[in-house]
Amino acid sequence: MSIENDEQFSCPYCAESNALVVDITGGANQTFVVDCEVCCAPIVVRLKIRGEEIISLDVRRENE
Ligand SMILES: [Zn+2]
């Protein structure tokens, strides 16, 4: 069973708000790259999950 959470973050390039669907069951520490919906730049997203809760959502530019 997968549990999904809708999250939002600001793009580190253009500061626009992006929506993100997180699969809570994907692991306690997740790192992946998404393209900004507005400027299409690659954003590195890091998640920390405890139980069914996202305790940390960190975004940064690729290559930082
Ligand atoms: Zn952007």
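User: In what order do the elements of the protein run from the N terminus on?
Analyst: In this predicted model, the secondary structure comes to 0 helices and 5 strands. Read from the N terminus on, the elements therefore contain strands alone, and their order is β-β-β-β-β.

User: What is the radius of gyration of the protein, set against the globule rule?
Analyst: The C-alpha atoms fill a box of roughly 35 × 20 × 15 Å along the principal axes. For 64 residues the globule rule gives 11 Å, and the value for this protein is close to that, so the chain is as compact as a globular protein of that length, with a radius of gyration of 12 Å.

User: Which element of the protein has the highest mean pLDDT, and which the lowest?
Analyst: Across the protein the pLDDT averages 94, and 98% of the residues score at least 70. Among the elements, the highest mean, 97, belongs to β4, while the lowest, 94, belongs to strand β1, residues 4-10.

User: Which strands stand at the edges of the open sheet of 3 strands?
Analyst: The order of this sheet is β3-β4-β5, with antiparallel pairing. Each edge strand has a single partner strand, so one side of it is left without a neighbour in the sheet, and this applies to β3 (29-35) and β5 (53-61).

User: By what angle are neighbouring strands of this sheet turned against each other on average?
Analyst: The sheet in question is the open one with the order β3-β4-β5. With direction ignored, its neighbouring strands are turned against each other on average by 25°.

User: Over how many bridges do β3 and β4 pair?
Analyst: These two strands form a hairpin with 6 residues between them, and C40 in the turn has a positive phi of about 65°. Within the pairing, F32 has V45 in β4 as its bridge partner. The two strands run in the antiparallel sense, and the number of bridges is 7.

User: Which residue in the hairpin of β4 and β5 takes a positive phi?
Analyst: Strand β4, residues 42-50, pairs with β5 in the antiparallel sense over 8 bridges. Along this pairing R46 has D58 as its bridge partner in β5, and K48 stands opposite S56 in β5. The hairpin has 2 residues between the strands, and the residue with a positive phi, near 65°, is G51.

User: What is the count of buried residues in β5?
Analyst: Of the 64 residues of the protein, 6% count as buried. The edge strand β3 is hardly covered, with a count of 0 buried among its 7 residues. Strand β5 is likewise hardly covered, and among its 9 residues the count of buried ones is 0.

User: Is E62 buried or exposed?
Analyst: E62 lies in the segment after β5. Around E62 there are 11 other C-beta atoms within 10 Å, and since a residue with 12 or fewer falls in the outermost class, E62 is exposed.

User: Which residues does E62 touch, not counting those up to four places away in sequence?
Analyst: E62 and I49 are 13 residues apart in sequence, and their C-alpha atoms are 22 Å apart in space. With residues up to four places away in sequence left out, the residues that E62 touches are V33, P42 and V44.

User: What share of the contacts between residues at least 6 apart in sequence joins residues at least 24 apart?
Analyst: The contacts of E62 with V33, P42 and V44 have been named above. For the protein as a whole, counting contacts between residues at least 6 apart in sequence, the share that joins residues at least 24 apart is 31%.

How values were computed: Residues are numbered from 1 along each chain as its sequence is written. This is a predicted model: local features need pLDDT of at least 70, side-chain atom pairs count only at pLDDT 80 or more; totals for chains, interfaces and linings use all residues. Two strands pair if DSSP finds at least two bridges between them. Helices (H or I, at least four residues) and strands (E, at least two) are DSSP runs, numbered from the N terminus. Axes are lines fitted to C-alpha atoms, for helices over the stretch in contact, and angles run from 0 to 180 degrees between N-to-C directions. A residue is buried if 20 or more other C-beta atoms lie within 10 Å of its own, exposed if 12 or fewer, and partly exposed in between; C-beta atoms are placed from the backbone. Two residues are in contact if their C-beta atoms, placed from the backbone, lie within 7 Å. pLDDT is the predictor's confidence in each residue, from 0 to 100. The radius of gyration is taken over C-alpha atoms; the globule rule is 2.2 Å times the number of residues to the power 0.38.
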